[in-house]
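Work through the exercises below with the structure open beside you. Try each task before you read its solution.

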Amino acid sequence: MKIGIDIDNVLVNTTECVLEYLNERTGLNLKLEDIKTYSIEDYVPKENRLLVPEAFESKHMWKKVDFINGAIEVIRKLFEEGHEIYFATATLPENLKKKMNHLSRNLDFLGLDYIKSHTICITNKQLLRFDVMIDDYLGNLRGERTYESICLAYPWNEFTEEDEKDERLYRADNWLKIYLIIKMFIEEY
């Protein structure tokens, strides 16, 4: 199978680190559970909103980013089972290299060359031809698409009634559940 995986908030805890960056600089006390929409700026006072893009460009913030529990193990297992792993991210060009280097340091079983050739910078992920796409942004998992969709659960991506009816859209609380859903897809193919 060709498996597409978003990087931010699916592989690594980006929003958590951005919130820490903002809290350190503003005295705010924002937590993941406070963020109910995909835009962090909605939860930051107007006078501090410029700190959000600054956080995404900050080396200090990127040094704190860490892999989400279970992600490395599941990716290793899927790769060893013969699946093709792709990383699909909507990011600023200056952050793409940081992300690929971070992936290569932590996914050393793939290697930097594999990661470079299997990382895609794209905002309209429905254009991609994967069998499975794992993301935290529902906009990337809805609509016309070639792939089965797995949404890693966060407060900003609660399913609507329409999402619940979508037979190709699944919700997972953790990477073990993601793996079990993918195994279910494999059995169906």
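**Exercise 1.** Does Asn9 count as buried or exposed?

*Solution.* Start with the ground rules. This is a predicted model, in which local features need pLDDT of at least 70 and side-chain atom pairs count only at pLDDT 80 or more, while totals for chains, interfaces and linings use all residues. Residues are numbered from 1 along each chain as its sequence is written, and side-chain values use heavy atoms, with hydrogens and water left out.

Next, take the cut-offs. Buried means under 20% relative accessible area, exposed means over 50%, and partly exposed lies in between (1.4 Å probe, protein chains only). Asn9 has 5% relative accessibility, so Asn9 counts as buried.

Now place the residue. Asn9 sits in the loop between E1 and H1. Such labels are DSSP runs numbered from the N terminus: helices (H or I) of at least four residues, strands (E) of at least two. Last, check the backbone. Asn9 is not a glycine, yet its phi is positive, about 70°.

**Exercise 2.** Describe the largest pocket and its lining.

*Solution.* Begin with the idea. Rolling a probe the size of a water molecule over the atoms shows where empty space is left. The search uses a 1 Å grid over the protein atoms alone. A pocket is an open set of points with protein on both sides within 12 Å along at least five of seven lines; a cavity is a set where a 1.4 Å probe fits but cannot get out. Lining residues have an atom within 4 Å of a point. Grid points are joined across faces, edges and corners, and a volume is the space filled by probe spheres set on the points.

Step one is volume: the largest pocket has about 510 Å³. Step two is the lining. It holds 25 residues, and Asp8, Asn9, Tyr38, Phe56 and Ala90 are the closest to the centre. Step three is the helices. H1 (14-26), H2 (51-57) and H5 (93-106) each supply at least two lining residues. H2 gives the most, with three.

Step four is chemistry. Ala, Val, Leu, Ile, Met, Phe, Trp, Tyr, Cys and Pro count as nonpolar, Asp, Glu, Lys and Arg as charged, and the others, Gly among them, as polar. The lining divides into 11 nonpolar, nine polar and five charged residues.

**Exercise 3.** Repeat the steps for the second largest pocket and the largest cavity.

*Solution.* The second largest pocket has a volume of about 160 Å³. Its lining has 13 residues; Asn9, Ile68, Leu152, Tyr154 and Asp173 lie nearest its centre. By class there are seven nonpolar, four polar and two charged residues.

Turn to the cavity. The structure holds one of 30 Å³ or more. The largest cavity has a volume of about 30 Å³. Ile7, Val12, Trp62, Val65, Lys99, His102 and Leu103 line it. H5 gives the most to this lining, with three residues.

**Exercise 4.** Which residues of H8 are buried, and where do they lie around the axis?

*Solution.* First, the length. H8 (residues 175-188) has 14 residues and reaches 20 Å from first C-alpha to last, close to the 20 Å expected at 1.5 Å a residue. That expected span is 1.5 Å times one less than the number of residues.

Second, the buried set: Trp175, Ile178, Tyr179, Ile181, Ile182 and Phe185. They cover an arc of only 165° around the axis, so they lie on the same side of H8. The arc is that of the directions from the helix axis to the C-beta atoms.

Third, the other face. Turned away from the buried side are the exposed residues Leu176, Leu180, Glu187 and Glu188.

Fourth, the partners. The buried residues pack against E1 (2-5), H4 (71-80), E4 (132-135), E5 (148-152) and E6 (169-172). Contact means heavy atoms within 4.5 Å.

**Exercise 5.** Analyse H4 in the same way.

*Solution.* Ala71, Ile72, Val74, Ile75 and Leu78 are buried in H4. Seen down the axis, they fall within an arc of 165°, so they line one face of the helix. The face turned away carries the exposed residues Glu73 and Glu80. The cover over the buried residues includes E1, E2 (84-89), H5 and H8. After H4 comes Gly82, with a positive phi near 100°.
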